[in-house]
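Work through these exercises with the model open beside you. Try each task before reading its solution.

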Amino acid sequence: MVSTIKKSLISMSVIFASTLTIQATNASQIDASEKGTMGYGYHKYVSNHPDINAKKQNSKQLQSEAGNSGDRVLDISEWQGDLSEQQVKSLKDNYDFIIIRAQYGSEKIDASLSHNSAILDKYNMDFGVYSYSMYENPDDARYEAQTLYNRAPKAKFYINDFEQNSVTSGTTDQSTNAWYDEMKSLAGNKKVLFYSYENFMKQHATQSANNYDGVWIANYNEAQPTSSHVLWQYTDSYNSQELNQNVDANYTGPNVNSEWFTS
């Protein structure tokens, strides 16, 4: 009898442990699928602030109000997959340009970068590229800028997506300025943008963000960001008919048209 009870307890323990392992694995997979993509740091910030989460429930209404804010722009990464020829043709019919991820830090190359940049170039559709920044100091920031430029020399503009503080030496402003200076030396007259959400930008890039050619702000909860901006990422769930899936969507800022980004 005792032996039977022990076996039962052991079996239950194994099942319970297995369940926890599966849950942990699934959570890790979900988390990993978001890391390094635009808005990941912002999503973590929102998840830790219930008041912002509550506001997000009204996002559909806010998105409709956003409709008068300028030209719509989409941004994608490998999680939306490789673009097909038909998708690119459809995108070109409806958008002046698109933004794609090139890298996550300096080592992780977006799996769709090579394909998507080539097919966009083939059909003469302008595109910008972003790097989800993980630099730890100014030298590291300069290197990340170099790898971004080298991996996407045909991009019309470049974006420093800095929304998680990874800096361990010097100040975040010093590293963020170093990224801009290096990219500007490589890109010349092409625009160099800074992307983040307002709270993070005010804490970690107060001075450096203003040195960029323009600021791109993520804010899914208000009608307009309060800070000056050239792009506003207003949602992460815009239903793109061209891609047949939900994607990040943005509007150009006040007094900024599409040509400003690509000319």
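**Exercise 1. Aromatic pairs**

How many aromatic pairs does the structure hold? Then classify the pair of Y104 and Y132.

*Solution.* The model is a predicted one.

Step 1. The structure holds 15 aromatic pairs.

Step 2. Take Y104 and Y132: their ring centres lie 5.5 Å apart, and 90 degrees separate the planes. Planes over 60 degrees apart count as edge-to-face. Y104 and Y132 are therefore an edge-to-face pair.

Step 3. Place the two rings. Y104 belongs to strand β2 (residues 97–104), and Y132 to strand β4 (residues 126–132). The pair ties together parts that are 28 residues apart in sequence.

Step 4. Check the exposure of each. Y104 has a relative accessible area of 24%, which makes Y104 partly exposed. Y132 is buried, at 0% relative accessibility.

**Exercise 2. Around W260**

Describe how the rings of W260 and F261 are arranged, and find what lies over the face of W260.

*Solution.* Step 1. The ring centres of W260 and F261 are 5.0 Å apart, with the planes at 85 degrees, so this pair is edge-to-face.

Step 2. Compare accessibility. W260 is partly exposed, with 24% relative accessible area, whereas F261 is buried at 0%.

Step 3. Widen the view. F97, F157, W260 and F261 form a cluster linked by ring pairs.

Step 4. Look at the face of W260. K191 lies over that face, 4.7 Å from the ring centre.

**Exercise 3. The two sides of helix α5**

Which residues of helix α5 (residues 85–94) are buried, and which are exposed on the other side?

*Solution.* Step 1. Q87, V88, S90 and L91 are buried in α5.

Step 2. Those four cover an arc of only 165 degrees around the axis, so they sit on the same side of α5.

Step 3. Recall the helix geometry. An α-helix has 3.6 residues a turn, so residues three or four places apart point the same way.

Step 4. Turn to the other side of α5: Q86 and D93 are exposed there.

Step 5. Find the cover. The buried residues of α5 are covered by elements including β1 (72–76), β2 and α6 (113–122).

**Exercise 4. Strand β9 and its neighbours**

How many of the 8 residues of strand β9 (residues 245–252) are buried? Then trace how β9 pairs with β1 and β8.

*Solution.* Step 1. In β9, 6 of the 8 residues are buried, so the rest of the structure largely encloses this strand.

Step 2. Take β1. This strand runs antiparallel to β9, and 4 bridges join them. L74 has A249 of β9 as its bridge partner.

Step 3. Take β8 (residues 231–240). β8 and β9 are also antiparallel, paired over 7 bridges. Here S240 has Q245 of β9 as its bridge partner.

Step 4. Inspect the hairpin of β8 and β9. There are 4 residues between the strands, and N244 takes a positive phi near 60 degrees.

**Exercise 5. The whole chain**

What share of the residues of the protein chain counts as buried?

*Solution.* Step 1. The protein chain has 10 helices and 9 strands.

Step 2. The chain has 263 residues, and 48% of them count as buried.

Step 3. Turn to the contacts with a separation of 6 or more. Residues 24 or more positions apart account for 69% of these contacts in the protein chain.

Step 4. Finish with the surface. The accessible surface of the protein chain is about 12900 Å², and 48% of this belongs to carbon and sulfur atoms.

Conventions
Residues are numbered from 1 along each chain as its sequence is written. This is a predicted model: local features need pLDDT of at least 70, side-chain atom pairs count only at pLDDT 80 or more; totals for chains, interfaces and linings use all residues. Side-chain values use heavy atoms; hydrogens and water are left out. Rings of Phe, Tyr and Trp (its six-membered ring) pair if their centres lie within 6.5 Å; planes under 30 degrees apart count as stacked, over 60 as edge-to-face and the rest as tilted. Buried means under 20% relative accessible area, exposed over 50%, partly exposed in between (1.4 Å probe, protein chains only). A charge sits over a ring if NZ of Lys or CZ of Arg is within 6 Å of the ring centre and within 35 degrees of the ring normal. Contact means heavy atoms within 4.5 Å. Accessible areas come from the Shrake-Rupley method with a 1.4 Å probe; for residues, only the protein chains shown count as cover. The arc is that of the directions from the helix axis to the C-beta atoms. Two strands pair if DSSP finds at least two bridges between them.
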